[in-house]
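Open your viewer and get ready to click along. This tour tells you what to select at each stop and what you will find there.

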Amino acid sequence: MHQFAGISLKTRLYLLVLAAFIPVAVLIVYVAEEQKAIESQALLHRIRLLARAAADAENQQLEATGNFLLAVANAFLAVDGQAPRLSPFLTRLLNETKGYAAVGIVDPGGRLLASGDPSAMDTDYAGRAWLTDAIQQKHRIMGQYHDEHIHGQAVLYFALPVLSDDGQPIAVVFVALDLNRMNRVIFRQLTELPHGSRLTLLDERRGMLRYDVDSASWSIPSAMDAALRQQITRRQSGSIVAADENRKWRIYAFAPMTSALRPEPVSIVLEMPRDLALSASTRIFSRNLAMLALSALMAVLAIWWAADAFILRRVKAMVQASRRLAAGDLTARIGRLGVNDELNHLAGVFDEMAAALQMRLEREEQMLASLAQSREQLRGLSAHQNAVREEERHRIAREIHDQLGQSLTILKMDLAWLKRHQQLPPGDLSGKIEAMFEVIEAAMENLHAVIAELRPVILDDFGLAAAIEWQAEAFTRHSGIACRLENDGFEPELSKDQATALFRIFQETLTNIMRHAQASAVTVHLARCDGELVLEVADNGCGITPDQIEAPHAFGLIGIRERLHPFGGRVDFTGQSGQGTIVTIHLPLPPEGESP
């Protein structure tokens, strides 16, 4: 099918149909965003439940650990400070109690006095933060989450000072909790999370603990991005989408976690890969988008078939008929196009228009043929009149030359004889004869001028170049305007009619210069160029204007054109204000060696 300028009708129909699906697409996107919001809220609700469960579990753990430490402290007091006697008791207590990695008693200097598992214990705990804090504060202390390990497992130390009667610490009882055994309630909920999920306990300074779902173990997290940590710790709860340390997008849902174990604010953060956290919404969005694409494709196919069957084929027939008509085939018709609808009515109107146009063009062709015939007749008449005029001038000039000139010559001879044979002395008769001689000389000069004006003999005897040069000299004498011919010896071989036409055109050009140009100099060029005779007449006058060239009353210019038309010649008029006018005549010449 031919290409249309701009957007085709079929493309616009496609766009119109697809535009109808825009609200549906917007609705799909809106539903997907709503689903994402619901999943984000569900994730936030889960982390809040985890925070509450973790706080409850830690409170229970605190109470159990406190009772455990108190029992060990009482046992220490019962043996009256003989701590080594408690080692078997601590070993049995450690084996029977789940969740503890180590238990022991140290003196205020940090030296180990008794332990439940000597292989897991250090002998000197001096300088430990939890030991120093317990001695200074004289009550139960929880250690830091960072940098405390037993057998490679992260542990959390709790310490309780044993005070003397005067309130001074005499020993410190401590226990190490295995972090991987803490918060079993949380673990059961974390197992339901997708792979790649992580749970992080976060304070304002750094991450305290991180539980990895894939490895099912607690660890000390690496430093979290400062901007992300600041956003989490400044807000009570919420969710954030950000890139992790591996530049993968994750959803961070967080909520505050309050526990008696930690006086400072702590947030519990649940991290999940964004594509897994929002998998349901992504799946729904993809399914709806696929259905939308399928519906749009079916609609486009329907439009393609319907548009081609009911519109484009018929429009194509109209276009083809229109192009045939534009190419000049006036018999082009569309005919009937299927059902009787608007397009069929339009085709009928087109056929009526084509028929009317064909009739009008036929009439115009007849009129143009008649006009061309009349113009050729007028041109033939003009050429005939020019030929008759020239022939008449030639005949008159010949008659004047042959008869009147001969008579005047005889009369001049008789007067000369009379002058030689007069008997009277010089006097009045002699003066009269001299006057008659002068009259006869003037009459002969006028006679030769009239003969040259009617038909210059030099044109017939010496050719066009000599005639133009003679006419230029005569023009200079009569008008006072300098006129010169620039010719390198070129003498065109022309027929009598061609030479006469060019000479008369040159005369008409000089007449126009004298009347209208206000020039002081005229230059004439005659040459052969590209198989043409080129005659150029240039003056330095006021310059002809386009309006003067095309003026209907410029009969001189019209006559020049008409004189050249029978010979296939042409003339160009160019002029600039104050810079003169150039008249250039082109006349085709036969190849060299051929006679015109």
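Here is a walk through a few strands, a pocket, a cysteine and some salt bridges. Keep in mind that this is a predicted model.

**Stop 1: strand β6 and its partners**

Start by selecting residues 169–178, which make up strand β6. Is this strand largely enclosed or open? Of its 10 residues, 9 are buried, so the rest of the structure largely encloses β6. A residue counts as buried here when its relative accessible area is under 20%.

Now add residues 100–106, strand β1. β1 and β6 run antiparallel and are joined by 6 bridges. To see the pairing in detail, show Tyr 100 and look across to β6, where Leu 177 stands opposite.

Next, select residues 153–163 for strand β5. β5 also pairs with β6 in the antiparallel sense, over 9 bridges. Here you can pick out Pro 161, with Val 172 of β6 opposite. Follow the chain from β5 to β6 and you trace a hairpin, with 5 residues between the two strands. Within that turn, click on Gly 167, whose phi is positive, at about 85°.

While you have strands on screen, try showing their side chains. In a regular strand, side chains alternate between the two faces of the sheet.

**Stop 2: the second largest pocket**

Move on to Asn 512, His 516, Ile 544, Gln 548 and Leu 557 and show them together. Among the 22 residues that line the second largest pocket, these five are the closest to its centre. How much space lies in this pocket? The volume is about 480 Å³.

Which element gives the most to the lining? Select α13 (496–517): this helix supplies 7 residues. Then colour α15 (555–564) and β17 (580–588), which, like α13, each supply at least two lining residues. If you colour the lining by class, expect 11 nonpolar, 8 polar and 3 charged residues.

**Stop 3: Cys 542**

Select Cys 542, in the loop that lies between β15 (532–539) and α14 (546–549). Is Cys 542 buried, partly exposed or exposed? With a relative accessible area of 36%, Cys 542 is partly exposed, because partly exposed covers values between 20% and 50%.

Now show Ser 577 as well. Although Cys 542 and Ser 577 are 35 residues apart along the chain, their C-alpha atoms are separated by 5.7 Å. Other contacts of Cys 542 include His 516, Ala 517, Gln 576 and Gly 578. You met His 516 at the previous stop, as one of the residues closest to the centre of the pocket.

**Stop 4: the salt bridges**

How many salt bridges are there to find? The count comes to 3.

- Select Asp 107 and Arg 111: their closest N and O atoms are 3.3 Å apart. Asp 107 is buried, with a relative accessible area of 16%.
- Select Arg 484 and Glu 486: this salt bridge spans 2.6 Å from N to O. Arg 484 is partly exposed at 48% relative accessibility, and Glu 486 is also partly exposed, at 28%.
- Select Glu 532 and Arg 570: the closest N and O atoms in this salt bridge are 3.1 Å apart. The pair links distant parts of the chain, with Glu 532 in strand β15 and Arg 570 in strand β16 (residues 570–576), 38 residues apart. Arg 570 is partly exposed, with a relative accessible area of 42%.

Terms used. Residues numbered from 1 in each chain as written. Predicted model: local features only at pLDDT ≥ 70, side-chain atom pairs only at ≥ 80, totals over all residues. Heavy atoms only, no water. Buried < 20%, exposed > 50% of the residue type's maximum accessible area, 1.4 Å probe, protein only. Helix = DSSP H or I, 4+ residues; strand = E, 2+ residues; numbered from the N terminus. Pairing = 2+ DSSP bridges. 1 Å grid on protein atoms, 1.4 Å probe; cavity = no way out; pocket = protein on both sides within 12 Å on 5 of 7 lines; lining within 4 Å. Points joined across faces, edges and corners; volume = space filled by probe spheres on them. Nonpolar A, V, L, I, M, F, W, Y, C, P; charged D, E, K, R; others polar. Contact = heavy atoms within 4.5 Å. Salt bridge = Lys/Arg side-chain N within 4 Å of Asp/Glu carboxyl O. Lists of a residue's contacts leave out its neighbours within four places in sequence.
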